[in-house]
Amino acid sequence: MTLVSAVAATAPASTTLLRARDLDVTVGGTDVLHGVSVEVHAGEVVGLIGPNGAGKSTLLRALTGLAPLNSGSVEVAGQALRTSDRRTLARTVAVVQQMPEAPPSITVAELALLGRSPYLGLLARESARDHAIAMQAMERAGCAALAARTLGTLSGGQRRRAFIARALAQETPLLLLDEPTANLDVQAQCEIFELVRRLAADGVGVLVVVHDLTLAATYCDRLLLLDAGRVVAEGAPHEVVTAEHVQRVYGTRVTVINDSGHRAPIVVPVAVDKSEARR
Amino acid sequence: MSARTAQLVGRLGRRSGGLVPAAGAVVALLALVALAGAMVGTTSIPAGVVLASAWNALPFAGARIDVPEGWERIVIDVRLPRVLTAGLVGAALATSGTAYQGVFRNALADPFLLGVASGAALGAALGIVLPIEGALPFGWVPLLAFAGAVIAVTLAYLAAKVGDSVSNASLILSGVAVSAMAGAATSFILLTAGERALTIFGFLFGSFNTANWPRAIGGLPYLAAGVAVLLLHARVLNVLQLDEEQATQLGIDVPRTRIIVLAAASLVAATAVAMAGVIGFVGLIVPHITRLIFGGDYRRLLPLAALLGAAFLIAADVLARVALRPQEVPVGIITAIVGGPFFLSLMRARRGGLR
């Protein structure tokens, strides 16, 4: 068992790691979230889907205290967000943003080690244990072979893995990922989601923002469909990803293949006939 | 742990360890440069005499070593305070610049970004033209320069503050605005200063030719306090290399850290400017040189930049004394003329360039 899963596994499988209730969030004078509730349990991958501007990233920010709540409550691993300090929070929930920044000159290993920061005092140095945890985080994220490479030399998929390794080094039971597969080719997309599934199998609770509905339906246990700051559908992938939902929320006609023996629904756009479009 | 893992962990430690040998090499360089700094000048003094004079000056020294009295006086009263001042100022500017670049995550940041230099220049100019006399051991100029620097940075900070938050962009902009205003006032004083304009120019270019013991010792407590705060935040500066959101999610109170680090770095830079005038370039390039040679970990970067900055400025001051002997060249001109090409060649030699 890895060090990371050892921590996560101490929580029973049904533990609710994240419980957010009735969140109202205003950003820059605009109401972005209205009464959003979400729960994530240990060992579960919850997908957050919805059009651009639906409030997905804001929800992630609100869950870590970066966007202040107008009302509602967030509990992370049983502790209210309002009363937990930053360092404690950083040991409970790790986030990989959409476009995380880091100097191109630092190595993957150095980035992973920064994930140990919540455990280190002002003058502390990383111990051998911190190095070992960072190493295992890189192995789990599939970037151990890149440990000595600098970020500037990585491909998009490798870079994503490096930041996931940094998040795993935080040894948190809860992981929030904001579009981890954006701008990746199909192989890299699948690899990232298979990695996410393995983390969940180790007991980590994952909340992930996904744009690709088929990917979301394939890899997530539950989905939450956000539109204009409200949850419009929630449940198992086949309940949420339906032609009717997609058309209503995205305003686009799609075919949803939901009955072909696939475990998860597949979303296919209904294109205008190409020869007609040309005319 | 598998052999491969062990090997990778070893690799992982490569860039984060080894402060001692690196520091040893830089300290040796610093010692050599400091010795040269005490030997060179209008009168050349042999190394043995320098060392003997320094030995004789130690309070606990036993038997005196016999050296020519004139040389000993030059070493003790002129050369050593000068070398010490150059070293302190170099270390201060380099440390401060390293911290500024870290906080702003910007390779172009330097200690004068928020108005330290222009505020100090205005303070010094006022000190030079106003008819004030006092019983201070080193005159009013350093004191007013220090006050000007602190006031300028404080103004820039307050102007950029909206509610409880201060963004990097507005901080830089208000720093530019405050600098422009202070610069305009200094220019006006220069135009109306008559023959005293030369003294003001001397301050604007920076020089160590008025260095003395009281001034060097007087700056020491401020430098020590500021540098101590910066060293205390070295690990946090590593985390601040990431964006603000990531740093926050890693448990860092980013706004608070930024204020503390900027206040300490500005205090250090203000002290440096009060001690020797405005010396450009050191605070910009020494951090980069240190980063290129020793990597980006601030726990190594800050102390090594201090040592390299000290060596660099002492060496620049030696050149300033010998380049056009017997006339002295302002040291700020030397730092740019010599440091610039050196820096560019180092930058090009490293494929990765600057971060």
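Start at the contact between chains A and B: 32 residues come from chain A and 25 residues from chain B. Two residues are in contact if their C-beta atoms, placed from the backbone, lie within 7 Å. This is a predicted model, where local features need pLDDT of at least 70, side-chain atom pairs count only at pLDDT 80 or more, and totals for chains, interfaces and linings use all residues. Residues are numbered from 1 along each chain as its sequence is written, while chains are lettered from A and ligands numbered from 1 in the order in which they are written.

Now select α3 (86–90), α4 (108–114) and α5 (128–140) of chain A. These elements each give two or more residues to the side that touches chain B. The largest share, 4 residues, comes from α5(A). Helices (H or I, at least four residues) and strands (E, at least two) are DSSP runs, numbered from the N terminus.

Colour that side of chain A by residue type. You should find 20 nonpolar, 8 polar and 4 charged residues. Ala, Val, Leu, Ile, Met, Phe, Trp, Tyr, Cys and Pro count as nonpolar, Asp, Glu, Lys and Arg as charged, and the others, Gly among them, as polar.

Next, select residues 16–27 and 30–41 of chain A. These are β1 and β2, antiparallel strands joined by 8 bridges. Strands pair if DSSP finds at least two bridges between them. T26(A) has D31(A) as its bridge partner. The two strands form a hairpin with 2 residues between them, and G28(A) in the turn has a positive phi of about 55 degrees.

Finish in chain B with helix α12, residues 254–276. Its 23 residues should span 33 Å at 1.5 Å a residue, and its end C-alpha atoms are 33 Å apart, which agrees. The expected span is 1.5 Å times one less than the number of residues. Of the 23 residues, 17 are buried, meaning 20 or more other C-beta atoms lie within 10 Å of their own, with C-beta atoms placed from the backbone. Just after α12(B), G277(B) takes a positive phi of about 85 degrees.

Notes: Buried ≥ 20, exposed ≤ 12 C-beta atoms within 10 Å, placed from the backbone.
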